[in-house]
Amino acid sequence: MTEKTLSKSILPLLSALVATTPLAIDLYLPAFVAISSYFNTDMAQVQLSLSSYLAGYAIGMMLFGPLIDQKGRRLFALFGLLGFGLCSFFLTVTQSIDTFIVLRFAQAFFGSAVTVVVPGIIRYMYQENTAKGMSYVSMIMMLAPLLAPSIGSVLMITWHWHAIFYALTIYASVLFVLTYFYLREVPIHPSKIKGLALFFSNYRIVLTNKKARFDIVISMLASFAFFCFLTKVSAIYMAHFKVSETLFGVLFAFNVLALMLGNFINTRLVPKFGSRKMLNIGLAISFIAVTCLILVSVFTHNVYLVAAFIAPLMMSLGIMATNADALILINFKKKSGTATAVIGTLRFGSGAFAGPILAFIPLPPSIGFAVAMAMAVSGILICQLKQLKFGH
C-alpha cells in the first residue's frame with residue numbers, strides 16, 4: 001500500500017482521534033455559566049473541571065506512553081475510546097459538581113490513551129517524512145478549536161449543556177467502530193524490562209537523548225507560545241481593543257486559519273527541504289512577525305494590524321511545532337509512544353505557565369503578549385543554535 005493510499009484512508013481517522021481531547025475542552029467552554037447554574041455552584045468550581053481535565057490528560061499520557069510501546073497502539077486506542085465514551089455519558093447524569101470534576105479527570109485520562117497512539121503510527125507510515133504526516137493531521141485537527149465553540153453553543157442553545165456530552169459520547173462511539181474495523185496495528189518493539197522499571201528506562205532513554213533534547217525544548221516553547229495566544233486572545237481583542245463578539249470570532253478564526261496554513265505549507269515543502277530547514281524557515285518568519293507585532297503594539301492602536309501580524313506568527317508556530325515533533329519522533333523508532341508522552345506532558349505543562357507569566361508582565365495586553373512570544377521565539381533560536389553547535 002502506497003503512502004498516498006495510506007494518507008487518504010487513515011489520516012482522517014487519525015486526525016479525528018487526535019481531536020478527541022481538544023474537542024472535549026472546546027465544546028464545553030460556552031457552557032460554563034449553564035453548568036455553574038445547574039450545579040448551583042460558582043464559576044471557580046466549573047473552571048476546576050478544566051484544570052482536572054488537563055491534569056488527567058497529562059497523567060494519562062505519562063502512563064500510556066511506555067505501555068503502548070510495550071503492548072501496541074490499536075488496543076489502547078479502543079480502550080481509551082471506550083473509557084472516554086462512558087465518562088462522557090456519565091457526565092450527563094451526574095448531579096454533583098465534585099463528581100463532574102472527577103469524571104472530567106477520568107475522561108481526559110482515557111482520552112490521552114487515544115491521542116498518544118497517533119504520532120507513532122504516523123512515524124511508521126511516513127518514516128523520514130514524518131513531518132509531512134504530522135502536518136496533515138495537525139491541519140485537520142485545527143478544525144476542532146475553530147468550530148467546536150460554535151458547535152457547543154448551538155448544542156447548548158438547542159437543548160441543554162448535556163447535549164455537549166451526549167455529542168462526545170456519540171463521537172467516541174463512532175470512532176470506536178471505525179478504529180475497530182480500519183485501524184491497523186503497526187510493529188512494536190517490546191522491552192524485556194517489566195513493571196515500574198520499564199517506565200524509568202523508557203523515560204531515561206528519551207530524556208537523555210542528545211539528538212532530541214533541544215528539539216524537545218523547541219516543541220515545548222512553541223506550545224507555550226500557542227497557549228499564550230489562547231490565554232490572551234480574548235483580552236487583546238475584546239478587553240483591550242473593545243471589538244464585538246462577532247468580530248472577535250472572525251479575528252480568532254483568521255489566526256487559527258493561519259496556523260492551519262502553516263501546516264499545509266509544511267506538507268508541500270518538507271519533503272523537499274527537510275524538517276530542520278523548515279524549522280529554520282518557521283523561526284525566521286516568527287522573528288519578523290514578532291518584531292512587527294511589538295512595533296505595531298507599541299506605536300499604534302490598530303486591531304487589524306495586530307491581528308495581521310499575529311497571523312504569520314501563528315503560521316510559524318504550526319511549522320516549528322510540527323517539525324520539532326517530527327524530529328523528536330524520528331529518533332525513537334522503538335519508543336515513539338514514550339516520546340509522544342514526553343512531548344504532550346511538556347506541552348500542557350508549558351501551557352499551564354502561560355497564564356501566570358503573562359499576568360506578571362506589567363504591560364498592556366497586546367504588548368505583553370508580544371513580549372511573551374518574543375521570549376519563546378528567542379528560546380527556540382538558542383536551541384537551534386545549540387543544534388548547529390552539536391552538528392545536528
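**Exercise 1. Find V177 and its surroundings.** Which helix holds V177, and is V177 buried or exposed, or partly exposed?

*Solution.* Start with the helix: V177 sits in α10, which covers residues 162-182. Keep in mind that this is a predicted model. Next, look at the accessibility. V177 has a relative accessibility of 43%, so it counts as partly exposed. Now look around it on the surface. V177 belongs to a nonpolar patch together with I170, V174, L178, Y180, F181 and Y182. Taken together, the patch has about 730 Å² of accessible area.

**Exercise 2. Track down the positive patch.** Which residues gather in a patch of positive charge on the surface?

*Solution.* Pick out K210, R213, K386 and K389: these gather in the patch. Take K386 as a sample member and place it in the fold: K386 is part of helix α17, residues 365-389. Then check how much of K386 shows. Its relative accessibility is 34%, so K386 counts as partly exposed.

**Exercise 3. Hunt for salt bridges.** How many salt bridges does a search of the whole structure find, and which side chains meet there?

*Solution.* The search turns up one salt bridge. Its partners are R276 and D215, whose side chains meet at 2.9 Å, N to O. Now see what the pair links. R276 is in helix α14 (residues 275-299) and D215 is in helix α12 (residues 213-240), so the bridge ties together parts that lie 61 residues apart in sequence. Finally, check the acid partner: D215 has a relative accessible area of 1%, so D215 is buried.

**Exercise 4. Look for disulfides.** How many disulfides does a search of the whole structure find?

*Solution.* A disulfide is a covalent bond between the sulfur atoms of two cysteines. Searching the whole structure gives zero of them. Try C228 as a test case: the nearest cysteine sulfur belongs to C383 and is 16 Å away, and C228 is in no disulfide. The cut-off for a disulfide is a pair of cysteine sulfur atoms within 2.5 Å. Now for burial. C228 has a relative accessible area of 0%, so it is buried. C87, at 7% relative accessibility, counts as buried too.

**Exercise 5. Spot positive phi angles.** What is phi of N40, and what is phi of K242?

*Solution.* Take N40 to begin with. Its phi is near 55 degrees, which is a positive value in a residue other than glycine. On the chain, N40 is in the loop between α3 (32-38) and α4 (43-71). With 72% relative accessibility, N40 counts as exposed.

Move on to K242. Here phi is near 60 degrees, again positive in a residue other than glycine. K242 belongs to the loop between α12 and α13 (245-273). The relative accessible area of K242 is 65%, so this residue is exposed.

**Exercise 6. Set sequence distance beside distance in space.** How many residues apart along the chain, and how many Å apart in space, are V298 and I367? Work out the answer for I343 and V116, then for T231 and P66, and finally for C292 and R104.

*Solution.* Go pair by pair, using C-alpha atoms.

- V298 and I367 are 69 residues apart along the chain, with 6.6 Å between their C-alpha atoms. V298 is in helix α14 and, with a relative accessible area of 45%, is partly exposed.
- I343 and V116 are 227 residues apart in sequence, with a C-alpha separation of 9.8 Å. I343 belongs to helix α16, residues 336-359. At a relative accessible area of 8%, I343 is buried.
- T231 and P66 are 165 residues apart along the chain, and 31 Å separates their C-alpha atoms. T231 sits in helix α12 and is partly exposed, with a relative accessible area of 37%.
- C292 and R104 are 188 residues apart in sequence, and their C-alpha atoms are 40 Å apart. C292 is in helix α14, where it is partly exposed with a relative accessible area of 23%.

Methods
Residues numbered from 1 in each chain as written. Predicted model: local features only at pLDDT ≥ 70, side-chain atom pairs only at ≥ 80, totals over all residues. Heavy atoms only, no water. Patch = residues over 30% accessible without salt bridge, like charges linked within 9 Å, V, L, I, M, F, W, Y side chains within 5 Å. Areas by Shrake-Rupley, 256 points an atom, 1.4 Å probe, with all protein chains shown as cover. Salt bridge = Lys/Arg side-chain N within 4 Å of Asp/Glu carboxyl O. Lys, Arg positive; Asp, Glu negative; His and termini not counted. Charge placed at Lys NZ, Arg CZ, Asp CG, Glu CD. Helix = DSSP H or I, 4+ residues; strand = E, 2+ residues; numbered from the N terminus. Buried < 20%, exposed > 50% of the residue type's maximum accessible area, 1.4 Å probe, protein only.
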